[in-house]
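Consider the protein chain shown below. The paragraphs after it go through its strands, a helix pair and a few backbone details.

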Amino acid sequence: MPSTTLPPFPDNVRTHPFLIIDYELIKAGDKDEENRLWKAATTIGFWYLKNHGADQEGSDMFDMGAETMALPFEERMKFEQGDEGQSFGYKKAGANAVDAAGINLDTSEFLNVSKDDALACPQVVHRTYPSTINARMENTIAPFVRKALGVNYAVLNIFNEKLGLPQGTLERLHAVDEHSSSERCIRNPPPQVKEAAENPVIGAHTDFSSLSFLHNRLGGLQVMPPGHDEWSYVQPIPGHAICNVGDVLSLFSGGILQSNLHRVIPPSGAQVEYERWTLIFFTRPGNSGVLRALVLIAEAVKKQPDRNFKTDSTAAAWFTRRVKNYRVNGTRDIGCEPRPRTTLRRWSSHSVPFGS
Ligand SMILES: O=C(O)CCC(=O)C(=O)O
Ligand SMILES: [Fe+2]
């Protein structure tokens, strides 16, 4: 369990301010708040969300993560996600690379529990999990999934309206009863040597979700805002989730919604001594939907001939490829684009932006 007496976020590092969106106002249909959300999503693609109502569920999830990471390593490894593009299960540290060459390995461990397994429990949809996860499937994981989905559907419905799509289009593409996404709980140990304090623990990337609903207590997350060439920290604010647009919404919206580059390095200042935990719910599209810019967005796509908003892949195939390409031992699919291990390149400068 992450300590409750963590040192404060340092005041001598560069941070990037995000808009703070009030979920209570969003639920109440406040148009000004919807406009602020739209502004955040179409500029940097990140925002803080307050009054999301998932604090207790998030805290229970962190407990689940701590209980599971306390199991012997061999036990966790029985549930390792493997190199075939499956994300559900346990990811050991060092299975992913943090640089484009695939030389430097990550230090993060992930626990990815499928929302389908959580909501169908005791039925197994995708796979089984360590005993500590099974024990909390109904009373911890499913309630968190429901809260996170509620938040993300509210946001999707606003984007749907702003994009001028027929009512319910984005929600249907992310239908709760169609198999899809995972959530993630991450543990990063403190760096072993002082020099490692600047090394990324999760390399630069854009999320291959539609929306990410993220909770962390220590610093370390950094963004590269559009038009900048230096990283800025994202300061965790107690009780505020950090939300961001992922590649799938960017793709569906022809780039109107921004999926922004970010990475994780060890926390700075006194926080560096502490284990760092993150909880994320990734809302992903249903597996059968073909990923391409939606028809009504075709005009926006035509105006950006240098960018590719067409994958010819279903969500399931695209997602599998993205997971495999992160794995050090992952085999590339025939016909797959060159393997950028991380998306250090800006999309505008490479022709297959959604293939990595
Ligand atoms: O740990 C964090 O703060 C962010 C993790 C992240 O960006 C990811 O898992 O995609
Ligand atoms: Fe991310």
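Strand β5 (residues 182-188) is largely enclosed by the rest of the structure, because 7 of its 7 residues are buried. Here a residue is buried if 20 or more other C-beta atoms lie within 10 Å of its own, exposed if 12 or fewer, and partly exposed in between, with C-beta atoms placed from the backbone. Helices (H or I, at least four residues) and strands (E, at least two) are DSSP runs, numbered from the N terminus. In a regular strand the side chains alternate between the two faces of the sheet. Both faces of β5 are covered: S182, R184, I186 and N188 are buried on one side, and E183, C185 and R187 are buried on the other.

This is a predicted model, in which local features need pLDDT of at least 70, side-chain atom pairs count only at pLDDT 80 or more, and totals for chains, interfaces and linings use all residues. Residues are numbered from 1 along each chain as its sequence is written, while chains are lettered from A and ligands numbered from 1 in the order in which they are written. The pLDDT is the predictor's confidence in each residue, from 0 to 100. Its mean over the protein chain is 87, and 90% of the residues reach 70 or more. Over residues 333-353 the pLDDT is below 50, and this stretch has 38 contacts in the model beyond near neighbours in sequence; a contact means that the C-beta atoms of two residues, placed from the backbone, lie within 7 Å. For the complex, the predictor gives an ipTM of 0.99 and a pTM of 0.86.

The protein chain has 11 helices and 14 strands, and 47% of its 356 residues count as buried. Strand β5 has pairing partners in β4 and β12, where pairing requires that DSSP finds at least two bridges between two strands. Strand β4 (residues 109-114) pairs with β5 in the antiparallel sense over 6 bridges, and N112 has R184 of β5 as its bridge partner. The pairing of β5 with strand β12 (residues 276-283) is also antiparallel, over 6 bridges; here N188 is matched with R276 of β12.

Another group of 4 strands forms an open antiparallel sheet in the order β6-β11-β8-β9. Its edges are β6 (202-205) and β9 (232-233), each with a single partner strand, so one side of each is left without a neighbour in the sheet. The partner β11 (residues 262-264) joins β6 over 2 bridges in the antiparallel sense, with I202 opposite V264 as its bridge partner in β11.

Among the helices, α2 (residues 31-43) and α7 (residues 137-162) pack at an angle of about 85°, with their axes 11 Å apart. Axes are lines fitted to C-alpha atoms, for helices over the stretch in contact, and angles run from 0 to 180 degrees between N-to-C directions. The two helices are therefore roughly perpendicular, a class covering 65 to 115 degrees, with under 35 roughly parallel, over 145 roughly antiparallel and the rest oblique. From α2 the contact takes E34, L37, W38 and A41, and from α7 it takes V155, I158, F159 and K162.

Most residues other than glycine have a negative phi, and most peptide bonds are trans. The peptide bond from C121 to P122 is cis, with omega near 15°, and P122 sits in the loop between α5 (115-120) and α6 (131-134). N51, not a glycine, has a positive phi of about 55°. N51 counts as partly exposed because it has 16 C-beta neighbours inside 10 Å.
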